[in-house]
Amino acid sequence: MGKITLKSVRKSFGETHVIPGIDLDINDGEFVVFVGPSGCGKSTLLRLIAGLEDTSAGVIEIDGTDATALPPAKRGLAMVFQSYALYPHMTVRKNIAFPLKMAGLDQAEQDRRVTHAASILNLSSYLDRRPGQLSGGQRQRVAIGRAIVREPSAFLFDEPLSNLDAALRVSMRQEISELHQSLKTTMIYVTHDQVEAMTMADKIVVLNAGRIEQVGSPLDLYRSPANLFVAGFIGSPKMNFIAGAEAQRQGCATLGVRPEHIDIAPDGPWQGTVGLAEHLGSDTFLKVDAGALGTLTVRASGEVTLSHGDKIRLQPQPDKIHRFDTDGKALR
Amino acid sequence: MATKASRSAARLMMAPAVILLLGWMLVPLVMTLWFSFRTYLPLRGGDQGFAGFDNYVRFVTSSAFWPAIGATLTIVLGALIITIVLGVLLALLLDQPMWGQGIVRILVIAPFFVMPTVSGLVWKNMFLDSVNGLFAQVARMFGATPVEWIIDQPFASLILIVSWQWLPFATLILLTAIQSLDREQLEAAEMDGATAWKRFWHIILPHLSRAITVVLLIETIFLLSIFAEIKMTTAGAFGTKTLTYLIYQRVLESQNIGLGSAGGVYAIILANIVAIFLMRIVGKNLDR
């Protein structure tokens, strides 16, 4: 079981209101990703759920019982830290067994669970090494192993991949997703990387300045962002925002079109000059100077051979245009 | 770029410092070695020629030798245990966020800057004195008979004084070690269900092991040669004659430079054995 409910949870450090009030339901077995720019309060929110910080107001319920005042160890949650937080003087085996030892399990049960976790995470041949002798990815797996053995009702991940190199990050991302598939345990994952959020989440919570901007599945957020912030944060490269006359003509304050939803067409309504062209092989990203519309990013196929200074016409896909009012809210 | 010319220039420029240091160390060492093989009684005939190993044999077979070793070990071990245990506790305390942290930390270092002679005198006259001392006043306030600290508890008194002097050193080194501990490790242990005591025992203490060894090494080397505190308080009476004090007595009170020098050579050997032994422990710790 791992249903977590936040009811008007607030957190202030002195006069600074880091989280001015959040309501959120996390269902059992869900993979929830908190995403937002740095300083948006996502890590603080995770630490509030973990019990490492005390809430200033509000209620945190875990499986229907009020856990607001419970110490971290009593909440039945396991956390994987950004720095992995492995105990450097203990072997991998002792690191993984530490929570079991603290819980007072007998040696045989400890060994059984450590062996099991090690086999899931491909750590069996490293059990007698110390963390200092492991690579980044292996340390990450040990940290996850230490979380798994406790059989928690939910896992909390605090930017666990940010210390890994790009290639390793992709493979660890897949490993964590697979782990979630096989364990079916609730996971809450904090990241500032929207790619991680999009690829891993069942449900994304977009945070900005301590407030929830939007909650939804990755494709919901991609297809119908609720406001300018979410529209700009989700999706890579960023959505193009167009203000001014063109937006007014379409009856809104700001117009949003994703780079992949602009086609290069000889009879398109928008005209521009190609600035930078990034040829990635599979795709080509074009920065197009479109006069009054501003600079637009356009994603074209890898076959496009346009280069600096070429004049082109652009056609936005009419059903993929997002319109926002003066407050930045989406018009539907 | 270290060319041949610049390397020899560097050597040339370092030479005065190296020669000065070597001379500073070697001249007294050679003199001690030389005198230790001589019969040299300044007030009873002066230098009377070679004595072979007589001085060395006499020094260790003297009835004062083994008690002196015992006294040295008692004071060193007592002070080590107190400074390390209290040092860890004080470091934990000072690590807590509190109002006026900066000032408190400076105050904690203060005893380290007091000269040993001064602290010996201050402790003897202001705290331990059985008539005017603070401890005696407190004892009388409760209607108890004041303890004659220096006479009845000479080792406790000395260990108290020396520990008071060295506690700041231990506290400072251990405090910086505690501050270098990754907070996430403690939080992870807290999530893992470790109580405050278990976090201390399983996480903080192992993290401190290297700093503790360093404190142990440095303090041992300095404590083996404490002298001023003893001179100022018991003056070697009541069984508190340490190896250093015994050597001082042989040279200055018995006016037997040969015998004292032999004792000095023993002290050098002893200090080096401790140093090598402890260096190995530190080296092992640093390898991890």
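Helices and strands are taken here as DSSP runs, with at least four residues for a helix and at least two for a strand. On that basis, chain A of this predicted model holds 9 helices and 19 strands. The C-alpha trace of chain A spans about 75 × 45 × 35 Å along its principal axes. Of the 332 residues in chain A, 40% are buried. Contacts in chain A often link distant parts of the sequence. Among those between residues at least 6 apart, 63% join residues at least 24 apart.

Chain A is divided into two parts. Domain 1 covers residues 4-231, and domain 2 covers residues 237-331. The centres of domain 1 and domain 2 of chain A, taken over C-alpha atoms, are separated by 37 Å. The two domains also touch. Domain 1 of chain A gives 7 residues to this contact, and domain 2 of chain A gives 8. On the domain 1 side, 5 of the residues are nonpolar and 2 are polar. No charged residue is found on that side.

One sheet of chain A can be followed strand by strand. It is an open sheet of 4 strands, in the order E11-E12-E18-E19. The pairing is antiparallel. In general, strands of a sheet pair through backbone hydrogen bonds, either parallel or antiparallel. The edges of the sheet in chain A are strand E11 (240-243) and strand E19 (330-331). Each of these edge strands pairs on one side only. Strand E11 of chain A is joined to strand E12 (residues 254-257) of chain A by 4 bridges. These two strands run antiparallel. Within this pair, A:Phe241 stands opposite A:Gly256, a residue of E12(A).

Chain A also meets a second chain. In this interface, 15 residues of chain A are in contact with 13 residues of chain B. Two elements of chain A give two or more residues each to the side that touches chain B: strand E6 (77-80) and helix H2 (92-102). The largest share comes from H2(A), with 3 residues. By class, the side of chain A that touches chain B has 13 nonpolar and 2 polar residues. Charged residues are absent from that side. The side of domain 1 of chain A that touches domain 2 likewise has no charged residues.

Terms used: Residues numbered from 1 in each chain as written. Chains lettered and ligands numbered in written order. Predicted model: local features only at pLDDT ≥ 70, side-chain atom pairs only at ≥ 80, totals over all residues. Nonpolar A, V, L, I, M, F, W, Y, C, P; charged D, E, K, R; others polar. Pairing = 2+ DSSP bridges. Buried ≥ 20, exposed ≤ 12 C-beta atoms within 10 Å, placed from the backbone. Domains from an automatic or database assignment.
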